[in-house]
Every structure is written in C-alpha cells, then in structure tokens.
Amino acid sequence: MSVHDELASVQRSLDDLIRSVGRLEKQLGSGGLEMRRVRSDTNHLRESVALLRETATAGTTAPKRPDLVTISDTPYDPSLWVDSDDEGLGVRDRHAP
C-alpha cells in the first residue's frame, strides 16, 4: 500500500474511534477524569494524523536544493585582518594573556 492509502486507512479508523468515544461519552457522561482523558487523547491523535498528512503531501514533491554559493580561491585582502585578534593569542604585537 502507498503512504496515501495507509493514511486514508488510519483516518477511517480514527473516525470510527471518535464516533465510538462519542457514544461512550453519552453513556458514561463527560464529567469524569477518565472520559476527559480519552477525549483529549483522541483529539491529539486527530491532530497527529493531520500533521502526518501534511508531512506526507509535502514529502511527495521533490526537495528543493539549496542555492549554491561559489567561494573564490583568491586570497583575502590582508587589510581585512588589521587590528584583528588571533583566537587565544590576543591582538598582534602584544603579549598573550
């Protein structure tokens, strides 16, 4: 089965679960901690499946390659390094800390 078919199957099962939880909630009432927890869990499952669907549909398109940046092989201008610190050694022409 394809990912789309699997997600459709999961969605159908989740819809059945939500309907069953709704019927159970009518019979037991929605005030108990256990029922609220089950309702909350089914809502989290619904959100998770929706996120999976978004991820799966985004994954079917070809990933966009990042733009490449060309770095020149020519040396940098030495004036860029005037008054710069050498890591761990401090400023040129001075004693190390």
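Student: How many salt bridges does the structure hold?
Tutor: There are two salt bridges in the structure. The term stands for a side-chain nitrogen of Lys or Arg within 4 Å of a carboxyl oxygen of Asp or Glu.

Student: Hang on, what kind of model is this?
Tutor: This is a predicted model, where local features need pLDDT of at least 70 and side-chain atom pairs count only at pLDDT 80 or more, while totals for chains, interfaces and linings use all residues. Residues are numbered from 1 along each chain as its sequence is written, and side-chain values use heavy atoms, with hydrogens and water left out.

Student: And what's pLDDT?
Tutor: It's the predictor's confidence in each residue, from 0 to 100. The protein chain averages 83, and 81% of the residues score at least 70.

Student: Which elements have the lowest and highest mean pLDDT?
Tutor: Strand E2 (residues 90-91) has the lowest, with a mean of 62, and H1 has the highest, at 90. Where pLDDT is low, the predicted coordinates should not be read in detail.

Student: What does the secondary structure come to?
Tutor: Two helices and two strands, in the order α-α-β-β along the sequence. Helices (H or I, at least four residues) and strands (E, at least two) are DSSP runs, numbered from the N terminus.

Student: Back to the salt bridges. Which residue does Asp16 meet?
Tutor: Asp16 pairs with Arg19 through their side chains, at 2.3 Å from N to O. Both sit in helix H1, three residues apart, which is about one turn of the helix.

Student: Are those two buried or exposed?
Tutor: In between, actually. Asp16 counts as partly exposed because its relative accessibility is 41%, and Arg19 also counts as partly exposed, at 46%. Buried means under 20% relative accessible area, exposed over 50%, and partly exposed in between (1.4 Å probe, protein chains only).

Student: What about the other one, which residue does Glu25 bridge to?
Tutor: Glu25 bridges to Arg39, with the closest N and O atoms 2.6 Å apart. This pair links distant parts of the chain: Glu25 is in helix H1 and Arg39 in helix H2, 14 residues apart.

Student: Why does Glu25 count as buried?
Tutor: Glu25 counts as buried because its relative accessibility is 19%.

Student: What else does Glu25 touch?
Tutor: Leaving out residues up to four places away in sequence, Glu25 touches Ser30, Met35 and Arg39. Contact means heavy atoms within 4.5 Å.

Student: How much of the chain is buried overall?
Tutor: Of its 97 residues, 11% count as buried. One of the buried residues is Thr42, at 3% relative accessibility.

Student: Where does Thr42 lie, and what does it touch?
Tutor: Thr42 is in helix H2. Not counting residues up to four places away, Thr42 touches Leu14, Leu17, Ile18 and Val21. The Thr42 side chain also reaches the backbone oxygen of Arg39 at 2.7 Å.

Student: Now Ala56. Which residues is it in contact with?
Tutor: Apart from neighbours within four places in sequence, Ala56 contacts Val3 and Leu7. Ala56 is in helix H2, and it counts as partly exposed because its relative accessibility is 21%.

Student: How far apart are the C-alpha atoms of Ala56 and Val3?
Tutor: They're separated by 7.5 Å, though the residues are 53 apart along the chain. Among contacts between residues at least 6 apart in sequence, 44% join residues at least 24 apart.

Student: New topic: which residues form the nonpolar patch on the surface?
Tutor: Val69, Ile71, Tyr76, Leu80 and Trp81, with about 640 Å² of accessible area together. Patches are made of residues with over 30% relative accessible area and no salt bridge, where like charges are joined within 9 Å and nonpolar side chains (Val, Leu, Ile, Met, Phe, Trp, Tyr) within 5 Å. Accessible areas come from the Shrake-Rupley method with a 1.4 Å probe, and for residues only the protein chains shown count as cover.

Student: Where is Val69 found?
Tutor: Val69 is in the loop between helix H2 (33-60) and strand E1 (85-86). Val69 counts as exposed because its relative accessible area is 70%.

Student: And how much area does the whole chain expose?
Tutor: About 8,800 Å², with carbon and sulfur atoms supplying 57% of it.

How values were computed
A polar contact is a pair of N or O atoms within 3.5 Å; within protein, one must be able to donate a hydrogen and the other to accept it, and residues adjacent in sequence count only if both atoms are side-chain atoms.
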